[in-house]
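Colleague: I would like to go through this model with you. Short questions, short answers, please.

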Amino acid sequence: MPLPDHPAAPTPPAAAVDLPGPLVDVAWLRENLHRPGLVVLDATVRQKPLPTDPAARAGGTGDAAPLPSGRDDWERVRIPGSRYADLAGALAAPEAGFSYAMPDGERFTAALRELGVGPDSRVVVYDDDSRMWSTRLWWALREIGLHTAAVLDGGLQEWLAQGAPVASGPEADPDTAPAAPGTGWPAERRGTLVDKSKVLDVVHGSRPDRVLVCALGEDAFRGLAPTRYSRRGHIPGSLNLPAKDRLLDSRGRFLPRPALEEAVSGLPADTGTLLYCGGGISATLLGFVLVLLGRDDVTVYDGSIEEWSADPSLPMITS
C-alpha cells in the first residue's frame with residue numbers, strides 16, 4: 001500500500017539583513033545584495049560646471065542649479081536592484097530658494113516609499129562622485145530617524161573596479177523593492193539639518209557650546225577660488241576642514257580610522273559641531289565621518305553658503 005503524500009514543509013522566510021555599521025564595502029554588498037529588506041539607492045547628482053567667463057567667475061554666479069539629475073548615468077550603468085534617488089528633484093524642496101533643500105518629513109518619507117524604503121528598511125546608498133552625495137542622503141535619512149542606513153565605501157567606482165555585476169536600462173530591475181507601505185512612519189524631523197537661525201546663534205555668541213566648521217577647500221574658504229554662489233569667503237568664526245581633500249583616498253574610499261581621527265583632531269571634541277559648505281552636501285561628508293568616529297552632537301546647515309551669501313545682510317569674510 002503506497003504511503004500517503006505529505007506536503008513539503010514550507011520554506012522559512014530568509015532573515016532580513018543586518019548592516020554591519022554606517023559604512024559597508026563592496027564585498028559585503030555583493031554578498032547581501034538580494035537579501036530581503038535591503039534597498040540600494042544611487043544618489044548621484046550632476047552639477048553645472050563653474051562658468052568659464054572670467055567676469056562671471058569674479059563675483060560668483062549665484063547659480064548652483066544642478067543638471068537635470070544623475071538618472072542618465074544610473075540608466076547607463078548601476079548596481080543591480082538599485083533605484084535612483086533624486087536629491088535634486090523628488091527628494092528636495094524647490095520652494096526653499098536653494099538647491100537640494102530637505103523637504104518636510106511627510107513629503108520626504110512619501111518620496112522614499114516610492115523608492116521602496118520604509119521604516120524597517122535597511123538602506124545602502126552609493127554614488128559615483130566623491131561620496132558626498134551618498135552622505136547627503138544618509139544624513140537626510142538620519143534626519144527622519146532612519147538609522148539603518150549605510151554608505152558604500154568607494155561608491156560605484158569601487159564596485160566597477162572589483163568587477164562586480166552591473167545592470168542598465170531606463171526601468172528599475174524586476175526584483176527591485178516595490179513601494180513601501182504608506183503607514184507607520186513618523187514624519188517628524190530630528191534637527192540634524194538646521195536652518196540659518198542656528199548659525200546666527202553661533203555667530204552672535206549665544207551658543208558658545210557650538211563651533212562652526214566649513215567643509216569647503218581652503219581656497220574656497222579664503223575666498224580665493226571661483227565660486228558658484230553670490231559671494232566668496234566663509235562665515236565669521238568658522239574653522240576649516242576640507243572634507244573631500246582630507247577624508248578620502250585616491251580611489252574615493254574613506255581613509256582608515258586612525259587617519260580619519262588624525263584628520264579631525266583639530267576640531268574641538270568637547271563642543272557641538274555645526275557644519276556647512278557650499279550647498280549642504282560636502283558638509284555631510286565630514287559629518288558622516290564625525291558620526292562614524294563617535295561624535296554625536298553634529299548638525300549641518302542645510303542652505304550653507306548658497307543661502308547665506310545670497311543675503312547681503314549676513315556677514316562673510318575672506319581672510
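**Cysteines, salt bridges and strands**

Colleague: Is cysteine 277 buried or exposed?

Modeller: The relative accessibility of cysteine 277 is 1%. Buried means under 20% relative accessible area, exposed over 50%, and partly exposed in between (1.4 Å probe, protein chains only). Cysteine 277 therefore counts as buried.

Colleague: What kind of model is this, and what pLDDT do side-chain atom pairs need?

Modeller: Residues are numbered from 1 along each chain as its sequence is written, and side-chain values use heavy atoms, with hydrogens and water left out. This is a predicted model: totals for chains, interfaces and linings use all residues, local features need pLDDT of at least 70, and side-chain atom pairs count only at pLDDT 80 or more.

Colleague: How many disulfides does a search of the whole structure find?

Modeller: A disulfide is a pair of cysteine sulfur atoms within 2.5 Å. Over the whole structure, the number found is zero.

Colleague: Why is cysteine 277 not bonded to cysteine 214, and how far apart are the sulfurs?

Modeller: Cysteine 214 counts as buried, at 0% relative accessibility. Its sulfur is the closest cysteine sulfur to that of cysteine 277. They do not bond because the separation is too far: 7.4 Å.

Colleague: How many salt bridges does a search of the whole structure find?

Modeller: Side chains of opposite charge can pair when their charged atoms come close. A salt bridge here is a side-chain nitrogen of Lys or Arg within 4 Å of a carboxyl oxygen of Asp or Glu. The search of the whole structure gives 17.

Colleague: How many residues apart in sequence are the parts that arginine 46 and aspartate 73 tie together?

Modeller: The two form a salt bridge, with the closest N and O atoms 3.0 Å apart. Arginine 46 lies in the loop between strand S2 (38-42) and helix H2 (54-59), and aspartate 73 in helix H3 (residues 71-76), so the separation of the parts they tie together is 27 residues. Helices (H or I, at least four residues) and strands (E, at least two) are DSSP runs, numbered from the N terminus. In sequence, then, the gap is 27 residues.

Colleague: Which residues are linked with Arg46 in a network of salt bridges?

Modeller: Arginine 46 is partly exposed, at 23% relative accessible area. Its network of salt bridges also holds Asp73, Arg76 and Asp128.

Colleague: Which residue does glutamate 95 meet in a salt bridge?

Modeller: Glutamate 95 counts as exposed, at 54% relative accessibility. Its partner counts as partly exposed, at 32%. The N to O distance is 2.8 Å, and the partner is arginine 107.

Colleague: Are arginine 131 and aspartate 127 buried or exposed?

Modeller: They form a salt bridge, with the closest N and O atoms 2.9 Å apart. Both residues are buried.

Colleague: How many bridges join strand S7 to S9?

Modeller: Two strands pair if DSSP finds at least two bridges between them. S7 (residues 210-214) and S9 run parallel. Valine 211 has threonine 273 as its bridge partner in S9. The bridges joining the strands number five.

Colleague: How many of the residues in S9 are buried?

Modeller: Strand S9 (residues 272-276) is mostly covered. On one side lie Gly272, Leu274 and Tyr276, and on the other Thr273 and Leu275. The buried residues number five of five.
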